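User: Please take a close look at one part of this model and explain, step by step, how it sits among its surroundings. I am a first-year student, so I would be glad of a careful account that then goes on to a few other places worth comparing.

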Amino acid sequence: MRATCENCSQVQPPDWKPGDLCGRCGHAVRREKRCHWCTELTPEGNYCRQCGAGLVPDERYGAARWLKHLGSDQFVIPERLAAMPAEQADHFNRLYQRHAIIIERHIDDLVRAESQLRQRGWAQALEAHLLPLLPLPDDQLQALQLPPHQGTTEAEKLLETRLNSPFSRTRTLAALARLRIWALEPTAYDEAYHPDIELAHAALTLDDAALRLEAALVMSHWHFLANLHFRVYDTELRSALYAIKDQLPLEAAVGLALLATAWGRQSEPIPAEALTTGDDDLAFGVALAAALPDPLHAALRSPRRQFAAALVLLKTDQEFELGPLLAEFDDQRLVTLFSLMLRRGLPHLRLRPFLQPLRRRTDLSEELRGALQNMRVLNLEPGDARELLRETVADPSTYRFGQDCSYINSILGWPALPPGDVRELAQDLIERDLFLFDKLPALRALLEQQALPMQLLFDNLRTAPEGACPGLLNMVTYWLAAAPHAERLRLHQFLRDIVQVGDAPPKIQKEVFNKLTSWYYGTPNDPGSRLGFTKRGATAYFGSAEAFVEYLVTGFEKQEALAARWEEYNLFEMNKHSHEVRRHLEDMLKTVGRGEDDPVGRTALLALLAPLPASLISRLRSVLVQIAQDDQATELGRQWAVVLLGHLSQHAPWRKAARADLTTLLANTNGYSSSVAYMLELALADKSS
């Protein structure tokens, strides 16, 4: 027996009593029976108003259905049941109940889902669809068999329904009901709800208008939009909300306004009546969409609403005490709040004491640990930087490495970082092999601000861990270009010592050599800026012509030993090392110029070299002769060595010795190419000699 409202067709609850009015609309209710033949509901009486079959007592309904299954005539079943022994009727009832109980489980599951939603009728429709099919063939009955519920809460039972039901509409409604339950609880989003959300999203575009409406209501609830996980569904949800504006104008308006607010669009208009419907959730949705201060501050006292309220207050830069609330939020919500503050650059110094308990936790997720680190950077005070830096693990082999580098970079980029702290932080990073310009771009900014002092190079370049060397070499490049002249000469001497003395790892020696040789070429658009045999070229790099020539001569004298020292660095490039050293030294010879083409330049060259000690000039002549005779030297290098000897022969104190060198070289014509021999002849025949 069932009681149904004559006005709205709402089935009444099990505790309905004759005489009670409809619990939904207040109209009269009629008692109904289920016809055993057509399975339609019909007003209580002697026969079915649908098919005309005589009605049977409720306790014999199952037996009547079984008799129909066995082939009994529509109009003789009531008489046969009346004449049938009770034991036989009970047997037929039991046979039918084996089928009916399986169908009832599906209907009960759907009723459970409906109880959480706005609309009804799906369970009744499923019942109307399944009852005429009973009893079912065994294979079909087995396919509908469900395991007993194991869950104890409504959400757990709905999850089992979503996982196990063979009916797609039931699965979708169970998902919507689970999401509705979640929206009524003070819990954050959990990945376990993702399949529910996917089903709800799919429902937004179904042909079933009732399902579309239910999905739109569930997914536009403020609890969803406050969690900021669903922007991917924005387009479909907006369309679904516009579609229900005529049916549910207030709910649609609030949902659209929340969507616009969540994604930074211009807010949709909200009817004033949305605040006075008596629906607290609808009114709170209005407060969130319009950022109404009083309701939002009041919501901070509600465990279910405080997170959404805090999020909107932060977004709209409204003052409130966030610190005491942090202990109430789970990790995911803390990450969301901290990330918002970090994106907006909102320092909340009053949070510092409330961050301490989080710092002491040993179970922090990687995401929350990173957000917490950056929050502490956002709230830095003098003296914090080194302490925070030393807390980082920054191990390249761990997942946290990128996160830690981002955190360190934030510390280095703090605008109020004291200059004294910068050097200490840089020293810490060098010692920990983390002086990484590619991972920490703030280091380059600090260098360009000249906050990374040159002294770091003097203190560390010889002994730094290998990983820190590229960063230190970046400093070398910068300071060679930017340091004042006196400081640049000091740095230059330090770097030359690394190369020539060899008291640093071979790789560092070679890298420093490469930096120096690149620097020696000067500015591309200013040929006179390169290192060479000009007053400007020599003194800009070495301070004096004597120091420059000493460097050149010593380089030629020790070039093989220098390259051999780098063999340990890269044995397979041994020949390349020698070639690079020789090329660098020979390139400096090219700056001497050809006397016959540039007599003024020759005069300047001799004036530059004239004050040099005789012993140094003697060594210079000696290495020039060696180059001219060296068949491993380049053709141009040998030519320029001869040219420079020719220039030296134009200065009276050196003329005799230089011409003797040229004569000796020319005597061995088989050892030269025709071009070198020609340069020898030209130098000896110079009319100015």
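Analyst:
**Helix H27 and its surroundings**

The buried residues of helix H27 pack against three other helices, namely H25 (485-501), H26 (506-520) and H28 (545-565). Please keep in mind that this is a predicted model. Helix H27 itself runs over residues 535-542, and its buried residues are Gly537, Ala538, Tyr541 and Phe542. These four lie on the same side of H27, because they cover an arc of only 95° around the axis. The spacing behind this is a general one: an α-helix has 3.6 residues a turn, so residues three or four places apart point the same way. After the helix comes Gly543, which has a positive phi, near 85°.

The aromatic rings add to this picture, and it helps to begin with the whole structure, where a search finds 16 aromatic pairs. One of them is formed by Phe435 and Phe437, an edge-to-face pair with 5.5 Å from centre to centre and 75° between the planes. Phe435 is buried at 0% relative accessibility, and Phe437 is buried as well, at 7%. Another pair leads back to our helix: the ring centres of Trp519 and Tyr541 are 4.7 Å apart and their planes stand at 75°, so this pair is also edge-to-face. Since Trp519 belongs to helix H26 and Tyr541 to helix H27, the pair ties together parts that are 22 residues apart in sequence. Both Trp519 and Tyr541 are buried. Ring pairs also join these two into a cluster whose other members are Tyr520, Phe533, Phe542, Phe548 and Tyr551, and Phe542 is, like Tyr541, one of the buried residues of H27.

Helix H15 (residues 306-315) offers a second helix to set beside H27. Nine of its ten residues are buried, so H15 is largely enclosed by the rest of the structure. The buried residues run from Gln306 through Phe307, Ala308, Ala309, Ala310, Leu311, Val312 and Leu313 to Leu314. Among the elements that cover them are helices H10 (222-226), H13 (280-290), H14 (293-299) and H16 (331-344).

Just after H15, Asp317 has a positive phi of about 55°, although Asp317 is not a glycine. For comparison, most residues other than glycine have a negative phi, and most peptide bonds are trans. Asp317 lies in the loop between H15 and H16 and is partly exposed, with a relative accessible area of 49%. Thr39 likewise is not a glycine and has a positive phi, in this case of about 65°; it is found in the loop between strand S2 (29-34) and strand S3 (41-43). Thr39 counts as buried, at 4% relative accessibility. As for peptide bonds, the one that joins Leu134 and Pro135 is cis, with an omega of about -5°, and Pro135 is in the loop between helix H4 (122-130) and helix H5 (138-144).

Lastly, rings can have charged groups over them. The charged end of Arg49 sits over the ring of Tyr47, at 4.8 Å from its centre, while Lys68 lies over the face of Trp37, 4.6 Å from the ring centre.

Notes. Residues numbered from 1 in each chain as written. Predicted model: local features only at pLDDT ≥ 70, side-chain atom pairs only at ≥ 80, totals over all residues. Heavy atoms only, no water. Buried < 20%, exposed > 50% of the residue type's maximum accessible area, 1.4 Å probe, protein only. Helix = DSSP H or I, 4+ residues; strand = E, 2+ residues; numbered from the N terminus. Arc of directions from axis to C-beta. Contact = heavy atoms within 4.5 Å. Phe/Tyr/Trp six-rings, centres within 6.5 Å; stacked < 30°, edge-to-face > 60°. Lys NZ or Arg CZ within 6 Å of the ring centre and 35° of its normal.
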